[in-house]
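Good morning, colleagues. Please bring up the sequence and the coordinates, and I shall take you through the points of interest in turn.

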Amino acid sequence: MSANKGSWAPPEGEDSMSQKFLRKTRESLLVPIGLGGCVVVAACRIYRLKARGSTKMSTHLIHTRVAAQACAVGAIMLGAVYTMYRDYIKRTAQYAGEK
């Protein structure tokens with residue numbers, strides 16, 4: 001009646017976190033690019049923290065957050081533009097070639 005409580009496994013039919021991440025990566029390549037860009041920008045800004053000069057800590061952290069968010073939003077926008085191109089312009093050209 002009691003299961004092995006030492007380890008947890010997802011219920012039948014559900015993917016593990018790594019499988020889900022790999023599936024999302026195959027569906028949309030810009031998701032890991034945006035995530036990686038966000039991490040790189042945040043790491044660079046935090047590394048430069050000691051050379052911030054007379055800038056307040058809160059101002060530096062706000063600028064870091066804004067730069068990281070801009071990278072993530074930029075990746076989302078590129079994905080949306082690519083999807084619109086693929087769905088509307090490319091398909092319209094294919095339909096015009098068939099007629």
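I begin with the surface. In this predicted model, a nonpolar patch is formed by Val-81, Tyr-82, Met-84, Tyr-85, Tyr-88 and Ile-89. Together these residues have about 680 Å² of accessible area. One of them, Tyr-85, is placed in helix H3. With a relative accessible area of 42%, Tyr-85 is partly exposed. For the chain as a whole, the exposed area is about 8500 Å², and carbon and sulfur atoms supply 64% of that area.

Let me place this patch within the overall fold. The chain contains three helices and zero strands, and its elements read α-α-α from the N terminus on. What share of the 99 residues is buried? The figure is 8%.

One residue on the buried side is Thr-64, which lies in helix H3, the element covering residues 57-98. Its relative accessibility is 7%, and since buried means under 20%, Thr-64 falls into that class. Which residues does Thr-64 contact, once its neighbours within four places in sequence are left aside? They are Ala-42 and Arg-45.

I turn now to the annotation. An unreviewed UniProt entry lists residues 29-47 and 67-85 under "transmembrane region". In the model, the span of residues 29-47 is 95% helix and 0% strand, and its end C-alpha atoms are 28 Å apart. The span of residues 67-85 is 100% helix, again with 0% strand, and there the end C-alpha atoms lie 27 Å apart.

The cysteines deserve a moment. How many disulfides are there? The count is zero. Why is there no bond between Cys-38 and Cys-71? The closest cysteine sulfur to that of Cys-38 belongs to Cys-71, at 6.6 Å, whereas a disulfide requires sulfur atoms within 2.5 Å; the pair is therefore too far apart for a bond. Seen from the other side, the sulfur of Cys-71 has that of Cys-38 as its closest cysteine sulfur, also at 6.6 Å. As for their surroundings, Cys-38 is partly exposed at 25% relative accessibility, and Cys-71 is likewise partly exposed, with a value of 27%.

Finally, the charged pairs. A search of the whole structure yields two salt bridges. In one of them, Glu-27 is paired with Arg-23, and the closest N and O atoms are 3.8 Å apart. Both partners belong to helix H1, residues 17-27, where they are four residues apart, about one turn of the helix. Is Glu-27 buried or exposed? Glu-27 is exposed, at 55% relative accessible area, while Arg-23 is partly exposed, at 31%.

In the other salt bridge, the side chains of Asp-87 and Arg-86 meet with an N to O distance of 3.6 Å. Asp-87 has a relative accessible area of 25% and is partly exposed. Arg-86 is also classed as partly exposed, at 37% relative accessibility.

To close, I would recall two points for discussion. The model has zero disulfides, and its nonpolar surface patch includes Tyr-85, a residue of helix H3. Thank you for your attention.

Notes
Residues are numbered from 1 along each chain as its sequence is written. This is a predicted model: local features need pLDDT of at least 70, side-chain atom pairs count only at pLDDT 80 or more; totals for chains, interfaces and linings use all residues. Side-chain values use heavy atoms; hydrogens and water are left out. Helices (H or I, at least four residues) and strands (E, at least two) are DSSP runs, numbered from the N terminus. Buried means under 20% relative accessible area, exposed over 50%, partly exposed in between (1.4 Å probe, protein chains only). Contact means heavy atoms within 4.5 Å. UniProt positions are given in the numbering used here, feature names are shortened, and annotations may be inferred rather than shown by experiment. Patches are made of residues with over 30% relative accessible area and no salt bridge: like charges are joined within 9 Å, nonpolar side chains (Val, Leu, Ile, Met, Phe, Trp, Tyr) within 5 Å. Accessible areas come from the Shrake-Rupley method with a 1.4 Å probe; for residues, only the protein chains shown count as cover. A salt bridge is a side-chain nitrogen of Lys or Arg within 4 Å of a carboxyl oxygen of Asp or Glu.
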